[in-house]
Amino acid sequence: MARPGYRLALIATALAVVVVLLGAYTRLTHAGLGCPDWPGCYGFLAVPMSEHKQNLAALRFPDAPLEVRKGWNEMVHRYFAGALGLVILALAVQAIRRRSQPGQPVKLPLLLFAVVIAQAIFGMWTVTLQLWPQVVTAHLLGGFTTLSLLFLLCLRLSGALAPLPAVDNRLRRFAGIALLAVVAQIALGGWVSSNYAAVACTDFPTCHGEWWPRMDFANAFNLTHHDIGPNYLGGLLYGEARTAIHLTHRIGALLVTLVLLALAAMLWRRGLGRLAGLLVAALALQVGLGISNVLLNLPLAVAVAHNGGGAALLLVLVLVNYRLRQPAHAARQTEPASVSNTKGQLDLPRA
């Protein structure tokens, strides 16, 4: 039976998916600076539409001409992100109020609230630091972190998953490694996106017709080389550095694929066929979308779906790790109640 707060957590998770996809859409439509200020847009709560407001916008930001469509792309993303923040605040408040109830997570909702505050700061820096790649990548990772933690909260509150049979520690450790590998690959994907390296290679499986083209790894991954101040819209790295970023992401994808296939095989051998099948399906979808991005020259719908596929793969790994670690947690939650000797009432275990 689902615990109190489950439906709100489910709504927040769905909202987080929308925010992640809108964030990808904003980046891919080059609308990250659609509004040059934060949290408003040219000093207004919405994109200025009237002639009077647009004239004011031109006076306030003469170096950032208004593009209405890009402005709305950015503001719609902010509206949904703001709504998500309010829902997470409500989850944190509910958790504090229900902290004495059995099975009520408290630390996780509070951690979520801290993460969403950090996300708001990174969202501001994304604009004020003019798409500085380090901040853009961190902001993307923060979005995926928020989604993952919300999904984990849903699992904790669902009460619908029966504990698995005993699972050996080797499988648990390997599942944890697989989760870290996916997180690292998502970070690489964020670096590809923030440096506009997605189309640095337009052929597959080779790059520029070669298996190992000329690349500049020193500048590609030199975090100190990206100075604060310039406008990074469109990226400032040259071809060989972008090629290095792109090809590193491909190599990472290959390694992650091997790790996840090995994990799926381990799950299958231990009789966890559904988890294995779900993992393989999410992996196949993501690999297919990644290849399509290259061969089709980054079509918007496929590129956004690739971000969504990364989120789906991450959530599957969160589910796998939760299920493999659930038995000990479930045992604590389902300990038989003891009878109080003084009041004759059930002494329920506290989470």
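**Helix, aromatic pairs and disulfides in a predicted model**

Reader: Over residues 108–132, what percentage of the chain is helix?

Author: This is a predicted model, and residues 108–132 are among the stretches that an unreviewed UniProt entry lists as "transmembrane region". The end C-alpha atoms of residues 108–132 are 30 Å apart, and strand makes up 0% of that stretch. The share of helix over residues 108–132 is 84%.

Reader: How far apart are the end C-alpha atoms of residues 247–268?

Author: Residues 247–268 are also listed as "transmembrane region" in the unreviewed UniProt entry. The chain there is 100% helix and 0% strand. Its end C-alpha atoms are separated by 31 Å.

Reader: Where is the place of Trp 132?

Author: Helix H4 covers residues 107–128, and helix H5 covers residues 133–158. Trp 132 belongs to neither of these helices but to the loop between helix H4 and helix H5.

Reader: Is Trp 132 buried or exposed?

Author: The relative accessibility of Trp 132 is 17%. A residue under 20% is classed as buried. Because its value is 17%, Trp 132 counts as buried.

Reader: Which residues does Trp 132 touch, not counting those up to four places away in sequence?

Author: One partner is Asp 227, which lies 95 residues from Trp 132 along the chain, with the two C-alpha atoms separated by 8.0 Å. With residues up to four places away in sequence left out, the residues touched by Trp 132 are His 226, Asp 227, Ile 228 and Tyr 232.

Reader: What is the geometry of the Phe 122 and Trp 125 rings?

Author: The model has three aromatic pairs. In the pair of Phe 122 and Trp 125, the ring centres are 5.5 Å apart and the planes lie at 90 degrees. Planes over 60 degrees apart are classed as edge-to-face. Because the angle is 90 degrees, the pair of Phe 122 and Trp 125 is edge-to-face.

Reader: About how many helical turns separate Phe 122 and Trp 125?

Author: Phe 122 is partly exposed at 24% relative accessibility, and Trp 125 is partly exposed at 36%. Both residues are in helix H4, three residues apart. Because of that spacing, the separation of Phe 122 and Trp 125 is about one helical turn.

Reader: What is the arrangement of the Trp 212 and Phe 217 rings?

Author: The ring centres of Trp 212 and Phe 217 are 6.1 Å apart, with the planes at 25 degrees. Trp 212 is exposed at 54% relative accessibility, whereas Phe 217 is partly exposed at 34%. Because the planes are at 25 degrees, the pair of Trp 212 and Phe 217 is stacked.

Reader: Which residue lies over the face of Phe 44?

Author: The distance to the centre of the Phe 44 ring is 4.7 Å. The residue over this face is Arg 60.

Reader: What is the handedness of the disulfide of Cys 35 and Cys 41?

Author: The structure holds two disulfides, and one of them joins Cys 35 to Cys 41, with the sulfur atoms 2.1 Å apart. Both Cys 35 and Cys 41 are buried. Because the torsion about their S-S bond is about -80 degrees, this disulfide is left-handed.

Reader: How far apart are the sulfur atoms of Cys 201 and Cys 207?

Author: Cys 201 is buried, with a relative accessible area of 1%, and Cys 207 is buried at 1% relative accessibility. The link between Cys 201 and Cys 207 is left-handed, with -70 degrees about the S-S bond. The sulfur atoms of Cys 201 and Cys 207 are separated by 1.8 Å.

Reader: What pattern do the disulfides of the chain follow?

Author: One disulfide links Cys 35 and Cys 41, and another links Cys 201 and Cys 207. With bonded cysteines counted along the chain, the pattern is 1-2, 3-4.

Methods:
Residues numbered from 1 in each chain as written. Predicted model: local features only at pLDDT ≥ 70, side-chain atom pairs only at ≥ 80, totals over all residues. Heavy atoms only, no water. Helix = DSSP H or I, 4+ residues; strand = E, 2+ residues; numbered from the N terminus. Buried < 20%, exposed > 50% of the residue type's maximum accessible area, 1.4 Å probe, protein only. Contact = heavy atoms within 4.5 Å. Phe/Tyr/Trp six-rings, centres within 6.5 Å; stacked < 30°, edge-to-face > 60°. Lys NZ or Arg CZ within 6 Å of the ring centre and 35° of its normal. Disulfide = S-S within 2.5 Å. UniProt positions renumbered as here; feature names shortened; annotations may be inferred.
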